[in-house]
Amino acid sequence: MSEQTHAPVAVTGVTGALGSRIAARLARRGVPQLLIGRRPERMPELPGAERRGPAAYADAPAMRTALAGASTLVLVSGHPTGRRLEEHASAVDAALAIGVTRVLYVSLLGAAPDATYRNARDHWLTEQFLAGSGVRHTVFRAGFYAATPAALADEELVVRGPGGDGRAAFVTHDDLAAVIETVALDDGPDSPYDGDVLEVTGPQALTLHEVTARIATATGRPYRYQPETLEEAFARRWRQGTSGEQIESWISWYRAIANGELSAVTDTVPRLTGSPATDASAAGWWPAPNTAW
Ligand SMILES: NC(=O)c1ccc[n+]([C@@H]2O[C@H](COP(=O)([O-])OP(=O)(O)OC[C@H]3O[C@@H](n4cnc5c(N)ncnc54)[C@H](OP(=O)(O)O)[C@@H]3O)[C@@H](O)[C@H]2O)c1
């Protein structure tokens with residue numbers, strides 16, 4: 001299909017790290033887009049893209065208005081709120097109500113009802129909702145972001161947590177965006193990706209020691225990993241005034257790594273983009289310390 005004939009693609013999360021990269025890629029390919037979100041004033045200005053909103057996922061009337069005219073919805077998962085299934089279901093229902101025929105959903109590697117990582121469980125719920133909705137859809141199960149350890153580091157640039165010597169196949173935001181771009185561009189009536197669950201990972205599984213060493217090399221700053229016991233992790237977070245829900249989310253991120261639940265390396269990035277998956281050291285973007293969750 002030529003670049004001029006793409007149907008409008010609605011992209012959410014465009015004020016964030018992933019959605020902004022997806023939207024920029026689609027704009028470069030000449031795809032007409034509707035950028036959907038809660039803060040249109042913070043959305044990027046891109047050729048062929050219309051900024052729509054404010055529209056939160058749970059606000060069905062606002063989502064229907066914002067989505068009007070879209071054919072495909074790229075649904076970047078929202079922040080964990082304890083009601084993510086309901087919020088995502090609201091966004092998908094709004095899309096179906098205005099005639100969207102395909103949904104591309106950003107989930108998480110290891111999404112399962114019994115996943116160790118708390119936030120992977122509600123991704124699985126959204127996947128189930130999509131499967132039951134009847135809409136054409138593709139699920140992207142993203143590995144843990146290569147950028148996240150930098151956000152988890154404290155002011156001393158130490159990543160502390162109960163991750164043991166487990167490994168995870170950290171993926172860059174840009175590789176994930178490139179995979180989603182490929183699928184979004186294949187927008188004929190019979191996309192080979194319909195119904196697929198694509199596991200998107202980096203090129204190798206790294207321990208937290210190894211990934212923080214890569215961040216240190218890339219930034220020239222002394223990031224490092226300090227393993228903690230579960231008891232130490234709980235006590236430190238509790239002293240910081242973190243809520244029980246946040247403590248569980250945070251500890252379970254490390255435990256999922258310790259258990260090897262995100263360690264599988266897949267060929268999705270090279271297979272769909274034609275380029276090797278990017279090493280974590282080349283992520284090119286590192287969030288400030290203490291900015292996760
Ligand atoms: N694979 C991983 O390691 C990993 C790690 C962290 C998060 N995630 C998931 O991946 C998603 C994208 O990652 P990211 O790095 O791009 O996160 P990010 O930079 O925090 O961006 C999240 C985007 O989603 C929007 N959003 C969140 N909740 C929403 C809601 N209820 N309704 C409408 N828009 C909403 C935000 O809009 P506002 O500007 O209005 O807030 C923002 O544009 C995250 O939201 C999270 O679900 C994955």
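A residue is counted as buried when its relative accessible area is under 20%, as exposed when that area is over 50%, and as partly exposed in between. By this criterion Leu157, at 5% relative accessibility, is a buried residue of the predicted model. Leu157 is located in the loop that runs between α5 (148-152) and β7 (158-161). Its backbone is noteworthy as well, since the phi angle of Leu157 is near 65°, a positive value in a residue other than glycine.

Further backbone features were examined in the predicted model. Most residues other than glycine have a negative phi, and most peptide bonds are trans. Asn290 likewise has a positive phi, with a value near 60° in a residue other than glycine. This residue, Asn290, belongs to the segment after α10 (268-273). With a relative accessibility of 46%, Asn290 is classed as partly exposed, because that value falls in between the limits of 20% and 50%. A cis peptide bond is found from Gly53 to Pro54, where omega is near 5°. Pro54 is part of the loop between β3 (49-52) and α2 (60-67).

The environment of the ligand was considered next. The ligand sits in the largest pocket. Two elements, α1 (17-28) and α3 (84-97), give two or more residues to the shell around it. The ligand is surrounded by 21 residues, of which the closest are Thr15, Leu18, Arg39, Ser77 and Tyr145. In terms of residue class, the shell around the ligand comprises 9 nonpolar, 8 polar and 4 charged residues.

Oxygen atoms of the ligand take part in several short distances to the protein, including contributions from both side chains and backbone. For Thr15, a polar side-chain atom is placed 2.5 Å from an oxygen atom of the ligand. Gly78 contributes through its backbone, with an N or O atom 2.8 Å from an oxygen atom of the ligand. In the case of His173, an N or O atom in the side chain is 2.8 Å from an oxygen atom of the ligand. The ligand taken alone exposes 890 Å², and the protein buries 84% of that area.

Helix α4 (residues 118-133) includes Asn119, and Glu127 is found in the same helix, α4. Asn119 has a relative accessible area of 4% and is therefore buried. The side chain of Asn119 is joined to that of Tyr117 by a polar contact of 2.9 Å. Glu127, whose relative accessible area is 6%, is buried. Between the C-alpha atoms of Glu127 and Ala112 the distance is 9.4 Å, while the two residues are 15 residues apart in sequence.

Separations along the chain and in space were also compared for other residue pairs. Trp286 lies in the segment after α10. At 19% relative accessibility, Trp286 counts as buried, because the limit for this class is under 20%. Although Trp286 and Ala151 are 135 residues apart along the chain, their C-alpha atoms are separated by 7.5 Å. Leu96, a residue of helix α3, is partly exposed, with a relative accessible area of 30%. Its C-alpha atom is separated by 9.7 Å from that of Leu67, and these two residues, Leu96 and Leu67, are 29 residues apart along the chain.

Pro192 occupies the loop between α6 (173-185) and β9 (197-200). The relative accessible area of Pro192 is 51%, and the residue is therefore exposed, given that this class requires a value over 50%. The C-alpha atoms of Pro192 and Ala280 are separated by 29 Å, with their positions 88 residues apart along the chain.

Notes
Residues are numbered from 1 along each chain as its sequence is written. This is a predicted model: local features need pLDDT of at least 70, side-chain atom pairs count only at pLDDT 80 or more; totals for chains, interfaces and linings use all residues. Side-chain values use heavy atoms; hydrogens and water are left out. A residue is near a molecule or strand if one of its heavy atoms lies within 4 Å of it. A polar contact is a pair of N or O atoms within 3.5 Å; within protein, one must be able to donate a hydrogen and the other to accept it, and residues adjacent in sequence count only if both atoms are side-chain atoms. Accessible areas come from the Shrake-Rupley method with a 1.4 Å probe; for residues, only the protein chains shown count as cover. On a 1 Å grid over the protein atoms alone, a cavity is a set of points where a 1.4 Å probe fits but cannot get out, and a pocket is an open set with protein on both sides within 12 Å along at least five of seven lines; lining residues have an atom within 4 Å of a point. A molecule sits in a cavity or pocket if more than half of its atoms lie within 2 Å of its grid points. Helices (H or I, at least four residues) and strands (E, at least two) are DSSP runs, numbered from the N terminus. Ala, Val, Leu, Ile, Met, Phe, Trp, Tyr, Cys and Pro count as nonpolar, Asp, Glu, Lys and Arg as charged, and the others, Gly among them, as polar. Buried means under 20% relative accessible area, exposed over 50%, partly exposed in between (1.4 Å probe, protein chains only).
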